[in-house]
Structure formats: structure tokens, C-alpha cells
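Biologist: I am new to this structure, and I would like you to start from a single part and look at it closely. Please then lead me outward from it, residue by residue, at a careful pace.

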Amino acid sequence: MVKIVEVNKVAPPQGSPTELSFPLTFFDILWLKFPPVERLFFYKFSSLDSKQSFYDSILPKLKHSLSLTLKHFLPLAGNLIWSESNPKPSVKYMEGDAVLLTIAESDLDFNHLSGNHLREAATFQSLIPDLAVSEERAAVSTLQITLFPNCGFCIGVSTHHAVLDGRSSTSFVKSWAQICKLASFPEELKPLFDRSLIKYPTELDEIYTNQQLNGGPCSRSLLPFKMELPPDIVRGTFDLTRSNIQQLRQYLVNKNNTFHISSFSLTCAYAWVCLVKAEELSEKKAFLIIGADCRSRFDPPIPSAYFGNCIRGVVAAAETKDLLGKEGFVVALSAISEAIKELENGVLDGVENSSSSISSLLNQGKLYSIGGSPRFEVYSSDFGWGRPVKVQMVSIDKTGAIGLADSRDGNSGIQLELASKKHHMEAFTSLFAEGIKNQFP
């Protein structure tokens, strides 16, 4: 059970800019009607912490540092707006805007929720606040801090995907953490809102906006696609250690394969083929959508601190029978490598058709996707009470994506998250462990 204690509005401090606005780019518009991206950061109390110290010390520090952080991340206190007079949506912050911060208490089992074993996905929904959305206006972010008395607390972060991608949202959390812990802002994370940093044909904005309106005038709405959480979904967390990843890499070397074998690609391929086998996929083809951060791929490169979306989706495709076969892991990695290679033609090559092309795949086979990235380094979000004991991207419970993050122990491993029907998750858990144990994916 989760009990709401209070709901606050946290605004940037006095002296902050009074207004900021900018339009969405086609990179942003693609995500206009997607549900929010939701993450949970779990922090364990030390032996000296208590419910009293949480309310007397920890919570005031979190609130104050949040306000200071919003001075640098003004859009997070603002709104996404799409009025009748504007051809495309825009982000707007005005003095008086604030982030809605919910404070709650829970008697749920902290250690159970922050573990790796299979857990009911529905249990986590009360730890994430709802993002306010109407036809013409949507909050950019909303937060919830939930206390587990004598155990710890978690911070739930919900952000609108059309305004910022994973790199931007996790930069906000890491900035908040450093201000809370060290009372200093990490200048390397200072967000850049200048839309002119991305050079692209402006007609792409119109193409992507029209795709959002393809249902007619009534489609001019910010209301997201409805994605309900099925009642029988369970989620699990799996770790690939540095040694495990090297084991997968060596397996390919032994097969005399020379294609790109980054840790990210190895993890995606292993997770994909394990999931296809766990589901005993009947469709003839399987596709894996991978979101590639394009900041460094532009010429000249866009600074990593650019705030917004800068993701291009590439699609790996394979015959299901090949993924289910003895060499399924090699097939999966080869397909992923070929998909990533497409970016060598330029991040804007064919982008005017990419959204419709991906949609057309729904009728051709089973569509899988990757969410998150180990490069976001979510486990570096230390607010002063240690690194999080667990970070979970719970929005994948509804979207069905495979979630990736860095490893908590910082050993160059990768954390993988998945949510599916219980019997599929049990099969995936077995396949995932057996492949590593037997050194044969």
C-alpha cells in the first residue's frame, strides 16, 4: 500500500530566467504521443537513518536541491503546448511554473522491489506519479519521493518523451544528485536548448507533424497512445558482468566473425535471441528497433549536453527460424551490426520515411525494441546517501521494450530489464542463465 503524504509544487529559485520557449524538432515530434518515460531510483538507509531523519533532513535537502537544479533545467518545470494557432508543438516555461512533487509512504517490501527476481509489474505503478496531459497541454515532468520507513526511499521520475530523451532526462537526475550532495552544479551537464544546433531540412518537421495528424483534425492532440498494463505481467532484472560480456565476445571470435561486437551490441543480441526462444515465437520474422544517439554522428557533432531528442531508430531484421537455431546468437548480432551500419550513410539519410517504414513492420513479424542505455550511467546518481541500490525503467512494463542500464557495481557490466507474461519470463530467466553457464548462447 502507498499513502500520499503531501503534494508540492517545486519551482526554480528566485533569480532564475522568467521565460523560456522553443519548438520541437522532428526528432521530438516522433515521440509526441508515446507514454511517459518512467524510472525509479531506490536508495537504502544507513544504520543511522530513520523516518524522522528522512523528514527532518533528507527530504528538505531533496526539495531544496531540486529547486536549484530547475534553474538550469527550466523546461522540466514547464509545459508542452500545441494550440490551434501553432503549426507544431512547442515547449514553454513561464515564471510561476513548477514541477509537481508527490511525497508518499509505503509499507511494501523495499528489498523485494529493489531485487533482481521476478516481481509483479503492477506493484511498481503506485511509485510513479501520473504526468498531467490534456489535448493542448502536457506537463514535461513530474516526480514522486516514496519513503519505506526504516528501509530507504525511492525517487520516481516521469518525463514526456517528446521533450527530452534518455540522455537529457538522466542528466537532469545526475545534476540534481550532485547539487544535493556537493552543492555544486556539474557544468559538463549544463543543458543546451538551442534548436539551431541540429542542421536539417525544415520540411521534416512538417512531415512528422502531418504523420501525427493522419487521423484528421481530431488527431491534433497531445493525449498519448493508451497502453494499459496487463494484469499478468511480471518484471525481472538481469546482469551481464564484464566477464560474461567477454565470454560472449570470445564465442564470436572463435566463430571467426569480424563484425562489430561492442558490449551494447552483444547484450542486445543475447537478450533478443533469449526472448525469441522464451516466447517460442511463431511469426516468420523478428525485428529489433534500436535507438541510436545521433549527437556525435552529426557533422559537426552536436554537444552531448543538447537538451531534447536526438535519436534515430535503426531496425535489425532476422528470420525467426534462424534466431531459434543453433547459431541464433550469431544471426542476431549480424542483424544488429548491419542495422547500425546504416548510420554510416548519415543520420538524416531516409529519415523522412523511417517512421512509416517502422510502422509497416507490424504486419510483417514480431517487433521488439531497446530502451535506455548503459551510457546514461544512472547508477552514478548519488544524492549524498550512496549510489542507488537499484534503478528501474518501469515504463517498459507497458511498452514491452528491453531496458538497458549500466551495472551498479561499475565494472563495465550491463543491467538488463524485461517485463512479460510469467511463463515467458521464467523461460527467459532459465535461457539467460544457461547460456552464460554453458558458454554457449
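Modeller: Let us start with Ala318, which is buried, because its relative accessible area is 9% and the limit for that word is under 20%. Please keep in mind that what you see is a predicted model, and that every value I quote is computed from it. Ala318 belongs to strand S13, a strand that runs over residues 311–319. Along the sequence Ala318 and Ala332 are 14 residues apart, and in space their C-alpha atoms are separated by 7.0 Å.

Ala332 brings us to helix H9, which spans residues 328–341. In this helix Glu338 and Lys341 form a salt bridge, with 3.7 Å between the closest N and O atoms. As a general matter, side chains of opposite charge can pair when their charged atoms come close. Here the two partners lie three residues apart in helix H9, so about one helical turn separates them. Glu338 counts as partly exposed because its relative accessibility is 46%, and Lys341 also counts as partly exposed, at 43%.

If we now go back along the chain from strand S13, we enter the loop that lies between S12 and S13, and Pro300 has its place in that loop. The peptide bond that joins Asp299 and Pro300 is cis, with an omega of about 0°.

Strand S12, on the other side of this loop, covers residues 285–293 and includes Asp293. The side chain of Asp293 meets that of Arg167 in a salt bridge, with 2.7 Å from N to O. This pair links distant parts of the chain, since Arg167 sits in helix H4 (residues 166–182) and the two positions lie 126 residues apart in the numbering. Asp293 is partly exposed, because its relative accessible area is 24%. Arg167 and Asp293 also belong to a wider arrangement, in which they are linked with Asp165 and Arg295 in a network of salt bridges.

How many salt bridges does the structure hold? The count is 14, and another of them joins Asp205 and Lys88, whose closest N and O atoms are 2.7 Å apart. This bridge, too, connects distant parts of the chain, with Asp205 in helix H5 (residues 203–212) and Lys88 in the loop between strand S4 (79–81) and strand S5 (90–94), 117 residues away in sequence. Asp205 is buried, because only 8% is found for its relative accessible area.

Two loop residues deserve a pause for their backbone angles. Asn150 has a positive phi of about 65° although it is not a glycine, and its place is in the loop between strand S9 (141–148) and strand S10 (152–159). With a relative accessible area of 62%, Asn150 is exposed. Glu377, which is not a glycine either, has a positive phi of about 50°, and it is found in the loop between strand S14 (366–372) and strand S15 (390–392). Glu377 counts as partly exposed, because its relative accessibility is 44%.

Turning to the surface, Ile4, Val7 and Leu100 form a nonpolar patch there, and together they have about 260 Å² of accessible area. Leu100 lies in strand S6, which takes in residues 99–106, and it is described as partly exposed because its relative accessible area is 37%. Elsewhere, Arg242 lies in helix H6 (residues 242–254) and is exposed, with a relative accessible area of 56%. Arg242 and Lys199 are 43 residues apart along the chain, and their C-alpha atoms are separated by 38 Å.

One further feature concerns empty space, which in general can be found by rolling a probe the size of a water molecule over the atoms. The second largest pocket has a volume of about 460 Å³. It is lined by 18 residues, and those closest to its centre are Pro35, Pro36, Asp130, Pro224 and Lys398. Sorted by class, the lining of this pocket consists of 10 nonpolar, three polar and five charged residues.

Notes:
Residues are numbered from 1 along each chain as its sequence is written. This is a predicted model: local features need pLDDT of at least 70, side-chain atom pairs count only at pLDDT 80 or more; totals for chains, interfaces and linings use all residues. Side-chain values use heavy atoms; hydrogens and water are left out. On a 1 Å grid over the protein atoms alone, a cavity is a set of points where a 1.4 Å probe fits but cannot get out, and a pocket is an open set with protein on both sides within 12 Å along at least five of seven lines; lining residues have an atom within 4 Å of a point. Grid points are joined across faces, edges and corners, and a volume is the space filled by probe spheres set on the points. Ala, Val, Leu, Ile, Met, Phe, Trp, Tyr, Cys and Pro count as nonpolar, Asp, Glu, Lys and Arg as charged, and the others, Gly among them, as polar. Patches are made of residues with over 30% relative accessible area and no salt bridge: like charges are joined within 9 Å, nonpolar side chains (Val, Leu, Ile, Met, Phe, Trp, Tyr) within 5 Å. Accessible areas come from the Shrake-Rupley method with a 1.4 Å probe; for residues, only the protein chains shown count as cover. A salt bridge is a side-chain nitrogen of Lys or Arg within 4 Å of a carboxyl oxygen of Asp or Glu. Helices (H or I, at least four residues) and strands (E, at least two) are DSSP runs, numbered from the N terminus. Buried means under 20% relative accessible area, exposed over 50%, partly exposed in between (1.4 Å probe, protein chains only).
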